[in-house]
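Reader: I'm more at home with gels than with models. Could you walk me through how to read this one?

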Amino acid sequence: MDSTVGPPWNKMNNVNSEKPYSSSTREMVVGSGDPIVDVLRLLRTQAVLPVRVHAASPWAVRFDPHIHVKLGVVLTGECWMTLDGCEPLLLHTGDFFLLNNPPAYTLASALEVAPCEAADFQAGENDGEVRIGTRADEDTYVCCIDFVFEETNTSMLFDVLPPIVVVRADDPRGALLTNLSALTVAEMESGGVGRTLVLEHLAQLILVHMLRVHADATEHPVGWLGALVEDGVGSALRAMHADVSRRWTLDELASISRMSRSAFAASFKAKVGTAPLTYLIEWRMSLARDALRNDTRTISELAAATGYESESAFSTAFRRVVGASPRHFRDRARHQSKA
C-alpha cells in the first residue's frame, strides 16, 4: 500500500502548487487532504445566522454566551469589545473579529456606558437588522455572523483557537476579507433568490480566511492549526492529511520534516499536543466516525481507506479509540437518525 514519499509540502497557503502524496487506495480515500477543509467538513455547519447592528452613540449591548463561533466586522465607526476574562479591545472601521465559543461579552461606544441586554433589542429585529438609537444619529455599523456546528467534533477547532482573533484593517492579509465582507453585506441587504445559500458560502469563506490569517500570525497558535504553517512539523502533518491511508512510519514522517526521529517526535508532541502516530490514528477514527454516522462507506471500505490491512484490524483500532465497534457505532447512528 505504501507509495513513494514525495518532497515536503510548502506552507499551507502554497499547498496547491505541490504534488500531493499518492495512494494506491485513492479511489477509496476519506477526507479532502486539506486539514482545514477536513475539520470544517467534520464540524458540519448547522446554521449561519447573520445580524446587522446599526447604532447611535452612546450605546452598549451585553450579549449572552454563544456556543461555537461568531464572526464580525466593523463597517462604520468604532466600538469597544469587552469579553469576560480578556482586556477591553477597541475595534475600528475595517477590523474583523472571531470569537471562539465566547462567554458573555459587550459591544459599546464607550466603556463607561451601562449596557442593555441584547435580548431587548433582538425583539425588534427586522430580517437580521437591529437598530439602536435613531437612524439620523447612527455612527456605528457592525455586521456579525453566528456559526453553529454539529457538536460531535467541535473541539477540533475550539481547542486550537484563543477566545478572540482580530484582523486589523491595515493588515495586508485582510484585504480579501474586506472584499468578502462587502459581498456579504450586499447580499444581506438584498432580497435576492437564494440569499440564504449565498450567505452560507460567503460566511464559510470568511471563516477559512480568518483561520488562515490567524495560523500565519507571528505568534503561531497552538495545536494542529499552528503547526500547519511550519516547514518541519507542518510538512509531516500536511502529508498525513494528504494520504491518510498510507501506513506512515515515524522515520518517514521525520524525514519529511527534515528532522531526526527523536527531535521530530518531541517537536510534534510539543506543538500538536500528542504523538505523531497517535494523532494519525485519532484523525483516521474521526473520519471513520463521520463516514459511519452518515452511512457513506462500508466497514471494509473504511478499513482500506484508513490504512488497515483488514476489517478486523480496523475494528480493533476503532474500538480502542471510540469505545465501541464500528458496526455497533453505525447501527446506533442509524437508530438515532430515525428517532
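**Helix, sheets and cysteines**

Author: Let's start with a helix: at 1.5 Å a residue, the 21 residues of helix H5 (residues 195–215) should span 30 Å, and its end C-alpha atoms are 30 Å apart, which agrees. The expected span is 1.5 Å times one less than the number of residues. Helices (H or I, at least four residues) and strands (E, at least two) are DSSP runs, numbered from the N terminus. This is a predicted model, where local features need pLDDT of at least 70 and side-chain atom pairs count only at pLDDT 80 or more, while totals for chains, interfaces and linings use all residues. Residues are numbered from 1 along each chain as its sequence is written, and side-chain values use heavy atoms, with hydrogens and water left out.

Reader: Which residues of H5 are buried?

Author: In general, an α-helix has 3.6 residues a turn, so residues three or four places apart point the same way. Buried means under 20% relative accessible area, exposed over 50%, partly exposed in between (1.4 Å probe, protein chains only). The buried residues of H5 include Leu199, Leu202, Ala203, Ile206 and Met210.

Reader: How do I read a sheet, say the one with six strands?

Author: Two strands pair if DSSP finds at least two bridges between them. Here the order is S9-S1-S10-S3-S6-S11, in an open sheet with mixed pairing. Strand S9 (129–132) and strand S11 (164–167) are the edges, each pairing on one side only. From one strand to the next, the twist averages 20°; axes are lines fitted to C-alpha atoms, for helices over the stretch in contact, and angles run from 0 to 180 degrees between N-to-C directions. Inside this sheet, seven bridges pair S3 (residues 69–76) with S10 (residues 140–149) in the antiparallel sense, and Val74 stands opposite Val142 in S10.

Reader: Which helix packs on that sheet?

Author: Helix H4 (residues 175–189) does, touching S1, S3, S6, S10 and S11 (contact means heavy atoms within 4.5 Å), and its direction makes about 90° with that of S10.

Reader: What is the strand order in the five-stranded sheet?

Author: That open sheet runs S5-S4-S7-S2-S8, with mixed pairing. Strands S5 (89–91) and S8 (116–117) each have a single partner strand, so one side of each is left without a neighbour in the sheet. S4 and S7 run antiparallel, joined by four bridges, with Met81 opposite Leu107 in S7.

Reader: How many disulfides are there?

Author: A disulfide is a covalent bond between the sulfur atoms of two cysteines. The test is a pair of cysteine sulfur atoms within 2.5 Å, and the structure holds zero disulfides. For Cys143, the nearest cysteine sulfur, that of Cys144, is 6.7 Å away.

Reader: Is Cys143 buried or exposed?

Author: Cys143 is buried, at 3% relative accessible area, whereas Cys86 counts as partly exposed at 28%.
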